[in-house]
Amino acid sequence: MAGDFSRALAKGYNWKKSTQGGARMLTSEYLESVVARYLPAARAGQVATYIPGLAAADPEQLGVCWMDQDGQVVTAGCWQEAVTVQSIVKVAVFLQALADCPMERLTEKISLNATAERFNSIVDLEEKNAHRPLNPYINSGAIAALSLVKGEAFSRVMDLLEGLTGHPGLEVDQAVYRSERETGDRNRAIAYFMRSTGILEGEVEPLLEDYFRLCSVRVDCRDLAAFGATLADGGRNPVTGRVCAPREHCRTAMAVMLSCGMYGQSGEFLVHAGIPAKSGVGGGIMAAVPGRAGIGVIGPALNHTGNSSGGVELLCALSRELDLSIL
Ligand SMILES: NC(=O)CC[C@H](N)C(=O)O
């Protein structure tokens with residue numbers, strides 16, 4: 001298989017001339033063939049059930065959208081299906097916290113290091129790092145980052161997310177939101193623990209409400225690809241042209257994606273794909289290829305680390321075959 005693809009690559013089979021005269025574009029035939037190859041990997045995963053609202057997702061789905069720096073897209077599979085953004089929103093929360101809070105103060109509350117524990121670990125908080133969450137992409141770190149957002153945290157992060165995705169009017173999936181809220185005791189425990197240690201100041205419940213609602217925003221592959229492409233271009237959304245975040249903050253957000261974006265699989269993903277990415281338990285993955293493109297993937301069936309099983313395989317293949325690794 002690898003040989004076939006090197007030959008295909010050599011013939012330029014998976015690229016075509018851009019209609020707008022800019023960079024070469026992928027062909028949708030190539031992208032469709034990659035989705036078809038990794039559907040069995042998707043089927044081998046399991047949808048998340050710890051939030052009951054996620055259990056109804058279709059494990060057979062796999063879709064992808066590639067967006068280049070001119071905003072041109074190539075899509076394949078069921079890319080139009082939406083899932084809830086879940087942990088991918090933590091990147092937007094972190095960017096907003098970076099905008100609202102000086103780095104020295106932010107890192108007094110949250111560090112920027114990987115964890116070997118699960119994303120909703122409590123043990124790390126008690127035992128390690130002077131009670132500071134290890135990074136902004138685990139639940140404790142994201143809740144702490146959200147507490148550093150000034151003013152109306154929910155609407156400010158939503159505005160930023162709409163800018164990053166170039167999708168005004170993003171919607172909250174009310175059923176998933178209610179489900180998160182009703183079954184969110186672990187996140188409550190994490191938040192109250194953080195208040196007991198002074199990491200969180202102020203009211204816990206409204207903060208959690210905002211966190212649950214942000215995790216429940218519906219996005220499709222194109223939204224995720226635009227988010228990635230915006231980070232990849234230093235904060236400029238390639239479709240709207242709007243600058244949503246400073247280049248420096250995008251670099252910080254992507255650096256943490258590289259080391260912590262894929263939970264316990266981050267190291268392996270760095271070796272095999274070599275691009276910053278962030279996953280969510282809804283089955284989405286948002287990836288950025290600095291200076292080149294954004295990639296949005298959706299596949300609700302997850303592997304044992306909580307990442308989209310088909311999505312991880314598909315991204316590793318794209319990186320290998322298109323030479324996307326930044327290393
Ligand atoms: N890994 C995830 O996507 C976690 C987000 C989810 N809403 C939670 O808090 O548990």
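This report describes the nonpolar core, two helix pairs and several single residues of one predicted model.

Residues are numbered from 1 along each chain as its sequence is written. Because the model is predicted, local features need pLDDT of at least 70 and side-chain atom pairs count only at pLDDT 80 or more, while totals for chains, interfaces and linings use all residues.

**The nonpolar core**

The largest nonpolar core has 110 residues. Such a core is a set of buried Ala, Val, Leu, Ile, Met, Phe, Trp, Tyr and Cys residues joined through C-beta atoms within 7 Å. A residue is buried if 20 or more other C-beta atoms lie within 10 Å of its own, exposed if 12 or fewer, and partly exposed in between, with C-beta atoms placed from the backbone. The residues with the most contacts inside this core are Val-64, Trp-66, Val-93, Ala-225, Ala-277, Ile-295 and Leu-315. Two residues are in contact if their C-beta atoms, placed from the backbone, lie within 7 Å. Leaving aside residues up to four places away in sequence, Val-64 touches several residues, including Leu-31, Val-35, Trp-79, Cys-221, Ile-295 and Leu-314.

**Two helix pairs**

Two packed helices are described by the angle between their axes and the distance between the axes. Helices (H or I, at least four residues) and strands (E, at least two) are DSSP runs, numbered from the N terminus. Axes are lines fitted to C-alpha atoms, for helices over the stretch in contact, and angles run from 0 to 180 degrees between N-to-C directions.

The axes of helix H3 (residues 89–100) and helix H7 (residues 153–165) come within 9 Å and cross at roughly 115 degrees. H3 is therefore roughly perpendicular to H7, a term for angles of 65 to 115 degrees, whereas those under 35 degrees count as roughly parallel, those over 145 as roughly antiparallel and the rest as oblique. The crossing of H3 and H7 is right-handed. A crossing is right-handed if the near helix is turned clockwise from the far one by less than a right angle, and left-handed if anticlockwise. On the H3 side, Val-89, Ala-92, Val-93, Leu-95 and Gln-96 meet Arg-156, Val-157, Leu-160, Leu-161 and Leu-164 of H7. By class, this contact has eight nonpolar, one polar and one charged residues. Here Ala, Val, Leu, Ile, Met, Phe, Trp, Tyr, Cys and Pro count as nonpolar, Asp, Glu, Lys and Arg as charged, and the others, Gly among them, as polar.

Helix H2 (residues 28–43) and helix H14 (residues 309–322) pack at an angle of about 145 degrees, with their axes 8 Å apart. H2 passes H14 in a right-handed crossing. Among the residues in contact are Val-34, Val-35 and Tyr-38 of H2, and Glu-313, Leu-314 and Leu-318 of H14. The contact of H2 with H14 divides into nine nonpolar, two polar and two charged residues.

**Single residues**

Most residues other than glycine have a negative phi. Gln-86 has a positive phi of about 50 degrees although it is not a glycine, and Ala-130 likewise has a positive phi of about 50 degrees. Gln-86 lies in the loop between strand S5 (83–84) and H3, and Ala-130 in the loop between helix H5 (123–127) and helix H6 (139–147).

The table gives the burial of four residues.

| Residue | C-beta neighbours within 10 Å | Class |
|---|---|---|
| Gln-86 | 26 C-beta atoms | buried |
| Cys-101 | 18 C-beta atoms | partly exposed |
| Glu-205 | 11 C-beta atoms | exposed |
| Ala-130 | 8 C-beta atoms | exposed |

Cys-101 lies in the loop between H3 and helix H4 (103–109). Cys-101 and Leu-148 are 47 residues apart in sequence and 6.5 Å apart in space, C-alpha to C-alpha.
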